[in-house]
Amino acid sequence: MCRDRAPFFAEGATAGAPQAVQVADRWHLWHNLSEAAERTVAQHRRCLHALVTAAPAPGPESAPEEDSSGSPWPTGHRFADRTRARHADVHALLKAGHSRRSVQRQLGMTWRTVKQFADAARPEDLFTGQWQNRPSVLDDYKPYLDDRWDEGCTNAWKLWEEIVPLGYKGSYQRVRAYLHKKRTSPRPVVARPPSPRTVAWWILRRPETLPEAEQLLLKTVRTHCPQIDALTRPVRAFAVMLTEHQGERLPDWLAAVRQDDLPSLHTLAAGIDRDRDAVVAGLTLPWSSGAVEGHVNRIKMLKRQMFGRAGHQLLRKRVLLA
């Protein structure tokens with residue numbers, strides 16, 4: 001009796017046919033191993049950055065444009081641009097011969113504001129006040145936020161919860177504003193590291209079928225991460241057992257897995273140990289659920305093709321006649 005490894009399937013098979021030999025389906029065994037391998041790679045995702053060439057340091061041409069006047073407010077700052085525009089308008093009208101009262105009426109400003117702009121020779125002389133060079137309560141925690149951002153954590157609420165135990169007394173809105181600035185600021189275009197699923201797929205495939213480029217990338221990852229290197233060996237050993245029907249090697253494989261520091265594989269090994277007889281049968285006997293799974297997939301395909309457009313009777317005829 002071929003079955004999935006779910007406990008209720010085992011209980012049902014034992015209750016319904018206690019004399020039958022239960023065989024764990026090989027596809028499900030391989031699927032369980034692939035999930036464990038992907039979890040292991042995900043736990044060491046930082047090692048995948050070794051595949052990305054370090055971005056070159058920005059040159060002078062990529063530095064943000066600075067005002068030659070030495071202004072602390074860069075071009076593009078809303079307050080700075082508005083102040084420069086008003087300063088230019090006031091001085092243009094004064095240069096044209098208008099009085100300050102006339103400038104006040106034309107621009108809709110107060111007398112004090114017109115006087116302030118008129119007395120300033122440069123707009124940069126007006127860039128003073130409580131906002132200029134004001135320290136922030138977030139300054140001490142920005143290096144931590146930058147590191148977590150580089151690790152891939154971009155959720156403002158989660159990062160705020162992480163820095164509060166570190167002593168941060170500010171608001172969540174301040175953290176959100178800082179991350180929004182990072183998210184919207186232009187960043188250099190760099191290659192992204194492969195996903196944990198991609199690396200796990202490289203490990204699960206036959207080595208001889210991997211393209212040369214992917215073989216080199218996998219070799220680089222294994223060199224930089226001992227855990228991923230240790231993961232590759234039991235995965236490929238299990239593949240040999242599965243394809244060559246060597247179920248008698250399963251106890252040795254379980255013992256070797258428990259000696260490695262791979263928690264995800266330890267969890268898989270514990271589950272296999274609880275269902276060892278069926279797994280050994282699945283890795284030894286030729287039976288599998290492949291034919292049944294194929295029919296189930298065909299029926300699901302027919303049902304989805306007719307979704308919302310036909311009833312049970314037509315579906316029944318299509319299943320029987322297909």
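Helices are DSSP runs of at least four residues, numbered from the N terminus, and Thr267 is found in one of them, helix α13. The model described here is predicted, and the report moves from the whole chain to its cores, its aromatic rings and a few single residues.

**The chain as a whole**

The chain contains 16 helices and two strands. Of its 322 residues, 31% are buried, and its accessible surface comes to about 21,200 Å², with carbon and sulfur atoms contributing 55% of that area. When contacts with a separation of 6 or more are considered, 60% of them join residues that lie 24 or more positions apart.

**The nonpolar cores**

The largest nonpolar core has 37 residues, and within this core Phe238 and Trp253 have the most contacts. Two or more residues are given to this core by each of the elements α2 (26-43), α9 (196-204), α10 (212-224), α11 (226-243), α12 (250-259), α13 (263-274) and α14 (276-284). The largest share, seven residues, comes from α11. Once residues up to four places away in sequence are set aside, Phe238 touches Leu29, Trp30, Leu33, Trp253, Ile272 and Leu283. A second core, separate from the largest one, has 13 residues, among them Leu145, Leu159, Tyr172 and Leu179.

**Aromatic rings**

The structure holds six aromatic pairs. In one of these, the ring centres of Trp160 and Tyr172 are 6.2 Å apart and the ring planes stand at 70 degrees, so the pair is edge-to-face; the angle needed for that description is over 60 degrees. Trp160 belongs to helix α7 (residues 156-163) and Tyr172 to helix α8 (residues 172-184), so that the pair links parts of the chain 12 residues apart. Trp157 joins Trp160 and Tyr172 in one aromatic cluster. Elsewhere, the charged end of Arg101 sits over the ring of Trp111, at 4.5 Å from the centre of that ring.

**Accessibility of selected residues**

The table sets out the relative accessible area of five residues that appear in this report.

| Residue | Relative accessible area | Class |
|---|---|---|
| His87 | 7% | buried |
| Tyr172 | 19% | buried |
| Trp160 | 21% | partly exposed |
| His245 | 33% | partly exposed |
| Thr267 | 53% | exposed |

The two partners of the edge-to-face pair fall on either side of a cut-off: residues under 20% count as buried, and therefore Tyr172, at 19%, is buried, whereas Trp160, at 21%, is partly exposed.

**Three single residues**

His87 has its place in helix α3 (residues 78-95), and at 7% relative accessibility this histidine is buried. Leaving aside neighbours within four places in sequence, His87 is in contact with Phe117, Ala120, Ala121, Arg122, Pro123 and Leu126.

His245 is found in the loop between α11 and α12. Although His245 is not a glycine, its phi is positive, at about 55 degrees, and with a relative accessibility of 33% His245 is partly exposed.

Thr267, the residue in helix α13 with which this report began, is exposed, because its relative accessible area of 53% exceeds the cut-off, which is over 50% for exposed residues. The C-alpha atom of Thr267 is separated by 8.2 Å from that of Ala36, although the two residues are 231 residues apart along the chain.

Conventions: Residues numbered from 1 in each chain as written. Predicted model: local features only at pLDDT ≥ 70, side-chain atom pairs only at ≥ 80, totals over all residues. Heavy atoms only, no water. Buried < 20%, exposed > 50% of the residue type's maximum accessible area, 1.4 Å probe, protein only. Contact = heavy atoms within 4.5 Å. Areas by Shrake-Rupley, 256 points an atom, 1.4 Å probe, with all protein chains shown as cover. Phe/Tyr/Trp six-rings, centres within 6.5 Å; stacked < 30°, edge-to-face > 60°. Lys NZ or Arg CZ within 6 Å of the ring centre and 35° of its normal. Core = buried A, V, L, I, M, F, W, Y, C linked by side-chain atoms within 4.5 Å.
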